[in-house]
Amino acid sequence: VRACLAGAAEHAPREAGVKVLQLDIESAPTKAYVWALFDQNVSIDQIVEPGYTLSFAFKWQHEKAVGFRSLWELGAKELAAEAHALLNAADAVVHYNGNKYDIPILNRDFLLHGLTPPSHYQNVDLYQTVRRRFKFASNKLDFVCQQLGLGNKVRHKGMSLWRDVMGGVDTAQRTMQRYNKQDVR
């Protein structure tokens, strides 16, 4: 199983100089006014603030260091520009559910900040690999990593972590950094 997942992460050709980027983003939730908590359809006039990218962690395959960039360090435009530069430099990008989440959010950020689409790169979504090729009891990253003996996701306080990060609480931002970087590992 480990070998198959490792193989999925290396769909890029095995040529000298092929750059494989491992990537994960964290984003703020959309804030909205709602009338109830269950079975709601939220209209756009209920949105107080759309979600936005908080941070991303990245690692070039075959390197040990995991990089991290955040909104509280750079600002929104600079954060988008740094992610854009990484994707432009990559031949392949490995992520977990990134085809439906991380990459579309980053593409939105690029558009909102006037950046052109990044150069073409191959997407390798390990979530899709797990769903299609294996039958785990859960396809969540934390469960699959535990099953494979790769450790756990960083534990946190749930939504209160995101509220504290958005509120500028330093200890929460450091926890978010550890959480984001662990997902890349």
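Two strands are taken to pair if DSSP finds at least two bridges between them. In this predicted model, strands S4 and S5 meet that condition, being joined by four bridges and running antiparallel, and within this pairing Ser-55 stands opposite Ser-70 in S5. The two strands form a hairpin with six residues between them, and His-62, which lies in the turn, has a positive phi of about 75 degrees.

The hairpin belongs to an open sheet of five strands, arranged in the order S5-S4-S1-S6-S7 with mixed pairing. Strand S5 (67–70) and S7 stand at the edges, where each has a single partner strand, so one side of each is left without a neighbour in the sheet. From one strand to the next, the twist averages 25 degrees.

Beyond the hairpin, S4 (residues 53–60) also pairs with S1 in the antiparallel sense, here over seven bridges, and Ile-25 stands opposite Phe-56 in S4. Helix H3 (residues 76–89) packs on the sheet, where it touches S1, S4, S5 and S6, and the direction of H3 makes about 30 degrees with that of S4. Helix H4 likewise packs on the sheet, with S1, S4, S6 and S7 as the strands that it touches, and the direction of H4 makes about 75 degrees with that of S1.

The parallel component of the sheet includes the pairing of S6 (residues 92–95) with S7 (residues 122–125), which extends over four bridges; in this pairing, Asn-123 in S7 is the bridge partner of Val-93. The chain passes from S6 to S7 through helix H4 (residues 102–112), and the resulting β-α-β crossover is right-handed.

Attention then turns to the empty space in the model. The second largest pocket holds about 350 Å³ of space and is lined by 17 residues, of which Asp-24, Tyr-96, Lys-153, Tyr-179 and Asp-183 are the closest to its centre. Strand S1 (20–27), helix H6 (141–147) and helix H8 (170–184) are the elements that give two or more residues to this lining, and the largest share, four residues, comes from S1. Strand S1 therefore has a place both in the order of the open sheet, between S4 and S6, and in the lining of the second largest pocket. Classified by residue type, the lining of this pocket has seven nonpolar, three polar and seven charged residues.

Definitions and conventions: Residues numbered from 1 in each chain as written. Predicted model: local features only at pLDDT ≥ 70, side-chain atom pairs only at ≥ 80, totals over all residues. Heavy atoms only, no water. 1 Å grid on protein atoms, 1.4 Å probe; cavity = no way out; pocket = protein on both sides within 12 Å on 5 of 7 lines; lining within 4 Å. Points joined across faces, edges and corners; volume = space filled by probe spheres on them. Nonpolar A, V, L, I, M, F, W, Y, C, P; charged D, E, K, R; others polar. Right-handed = clockwise from strand over helix to strand, strands pointing away. Axes fitted to C-alpha atoms, helices over the stretch in contact; angles between N-to-C directions. Contact = heavy atoms within 4.5 Å.
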